[in-house]
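Please work through the following exercises on a protein model with bound ligands. Each task is followed by a solution in steps.

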Amino acid sequence: VTAVRIAIIGGGSAYIPGLVRGFIVARDGLADSTLALMDVNAESLALMSTLARKMVAAAGADYRVEATTDRRAAIAGADFVLTTFRPGGLEARRLDERIPLEHGLIGQETIGPGGLFMAFRSIPVMLAIAREVEELAPEAWIVNYTNPTQMVTEAVLRHSGARIIGLCDQHAGDLAAVGAWAGIDPHRFRPDWYGLNHATWTTRLVVDGRDVLPELHARLCEMPDDQLPGGPTRYAFRLFRQFGALPNTYLRYYYFHDELVHQARQAPMTRAEEILSHLPAILDNYRREAAKDRPDPTRERGGGDHGEYAVEVINAIANDRPARFIVNGPNQGAIADFGPDDVVEVSAVVSRDGARPLAMGALPPAVAGLIHALRAYEKLAVEAAVTGSREAALRALLAHPLVRDWETAEGLLDEMLEAHREWLPQFRWEKRRTTSDQ
Ligand code: G6P
Ligand code: MN
């Protein structure tokens, strides 16, 4: 059992109660550890740290909870820096979802132009944090949930000396849906899950040492369309049936793009608008629970495996208990399609030394083209986020398989740069230039 200091950047986030539940589950491995909550918003920080303190106390777990608006103070001496924040908040996400739709493209938190602008907002903040980690906690691991998680991870690896593991909880939801359909407890799945964040494929799904993917595929092929599950899983299962490998549900945004744009245009609200409309009730619940001795806040944000996943990763590193996770980090030969330093999402074994990706082989040729194009786009996107170059940003959009068209790319770029202006200090100067000035 190892007592560690965990700085939580985004400590006022509505995801905190879920995270605290994860820490309570893992209490035996991390007894006497400190959770140093940091947020720029003092009011939400006060609420979340009160909740955290009371939840920990009610569970009889030995965690010390600190709260500060001083990021350097939170990071100093940390063993782990858990990052889970959203520069610009849900209001900026709303713009990422709305503006592309007006240009005929999907508007999404992490996909397409929305994802690019999220990267533009997140990456400079993450790099500032990484520099503070280098200075104040050089041995610490950054455990990152801030989206787009893989690009954020890549930026930190390329532009700082800090150690980082990128996380995404999507596998939990996607595999739960497969398990529900197949009648198998999803926690028994050992997937060969690989590709890029929100663009992965699973080519082997081992249960008790045996790959069950071929028989699930055969079952699916016999199933009439009207018996398929609904929602995002339905699109994923149509792709599974077609390609014989299981896709990340986010791949629907590429393969069913026009249909989803059409649906999004009909919908009264974008996802961020929905969350914004639910948030007051969620926060009311948090406030009411924070007044009790034994708070039991709603699980509406980051429920399920979200918090536990990050805490289990921390536990595996802190106590050197090697365990299998799906992480974002350098490929190191795991996926044959990519170079050793390409940042990918892949099944890996995590221990004291960090993540060791497992050998996955090559992507299925029928789906590899899209993933290669996305990898090329991501590299340009990271470069643009770091340099603040409008030309680099334009190249990223031109390389994006959903955008590609020059006029669409330029129109979107200038509108989104303007809309997000206050969150994009790195673009302040160059964005006023036009292409013909260069
Ligand atoms: C999943 C994805 C995350 C994403 C989240 C959005 O967990 O893996 O990357 O941020 O969904 O959920 P929300 O409730 O904010 O729409
Ligand atoms: Mn994710």
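The exercises below treat the ligand sites first and then selected helices and residues.

The model is predicted: local features require pLDDT of at least 70, side-chain atom pairs count only at pLDDT 80 or more, and totals for chains, interfaces and linings use all residues. Residues are numbered from 1 along each chain as its sequence is written, chains are lettered from A and ligands numbered from 1 in the order in which they are written, and side-chain values use heavy atoms, without hydrogens and water.

**Exercise 1.** Determine which residues are around ligand 1 and how the shell divides by residue class.

Step 1. A residue is near a molecule if one of its heavy atoms lies within 4 Å of it. The residues around ligand 1 are Tyr15, Arg93, Glu109, Asn147, Cys168, Asp169, Gln170, His198, Tyr250, Arg271, Ile275 and Arg301.

Step 2. The shell comprises four nonpolar, three polar and five charged residues. Here Ala, Val, Leu, Ile, Met, Phe, Trp, Tyr, Cys and Pro count as nonpolar, Asp, Glu, Lys and Arg as charged, and the others, Gly among them, as polar.

Step 3. Consider the distances from oxygen atoms of ligand 1 to side-chain N or O atoms: for Asp169 the value is 2.6 Å, for Gln170 it is 2.9 Å, and for Arg271 it is 2.6 Å. Taken alone, ligand 1 exposes 390 Å², of which the protein buries 79%; accessible areas come from the Shrake-Rupley method with a 1.4 Å probe.

**Exercise 2.** Identify the protein donors of the manganese ion (ligand 2) and place them in the chain.

Step 1. Donors are N, O and S atoms within 2.8 Å of the metal (3.2 Å for Na, K and Ca); water is not among the atoms, so sites may look incomplete. The protein donors are Cys168 (SG) and His198 (NE2), at 2.2 to 2.4 Å from the ion.

Step 2. Cys168 is in the loop between strand 6 (163-166) and helix 7 (170-182), while His198 is in the loop between strand 7 (190-196) and strand 8 (199-207), so that the pair, 30 residues apart, links distant parts of the chain. Helices (H or I, at least four residues) and strands (E, at least two) are DSSP runs, numbered from the N terminus.

Step 3. Both Cys168 and His198 are buried, where buried means under 20% relative accessible area, exposed over 50%, and partly exposed in between (1.4 Å probe, protein chains only).

**Exercise 3.** Describe the surroundings of Ile129 and Ser122.

Step 1. Ile129 is found in helix 5 (residues 112-136), and Ser122 lies in helix 5 as well.

Step 2. Ile129 counts as buried because its relative accessibility is 0%. Ser122 is likewise buried, at 0% relative accessible area.

Step 3. Contact means heavy atoms within 4.5 Å. Beyond neighbours within four places in sequence, Ile129 is in contact with Ile9, Arg71, Ile75, Val81, Thr83 and Phe85, and Ser122 with Pro87, Thr146, Asn147 and Val152.

Step 4. A polar atom of the Ser122 side chain lies 2.9 Å from the backbone oxygen of Asn147; a polar contact is a pair of N or O atoms within 3.5 Å, and within protein one must be able to donate a hydrogen and the other to accept it, with residues adjacent in sequence counting only if both atoms are side-chain atoms.

**Exercise 4.** Establish how helix 15 is covered.

Step 1. In helix 15 (residues 390-399), seven of the 10 residues are buried, including Leu394 and Leu397.

Step 2. The cover over these buried residues includes helix 5, helix 14 (365-387) and helix 16 (406-419).
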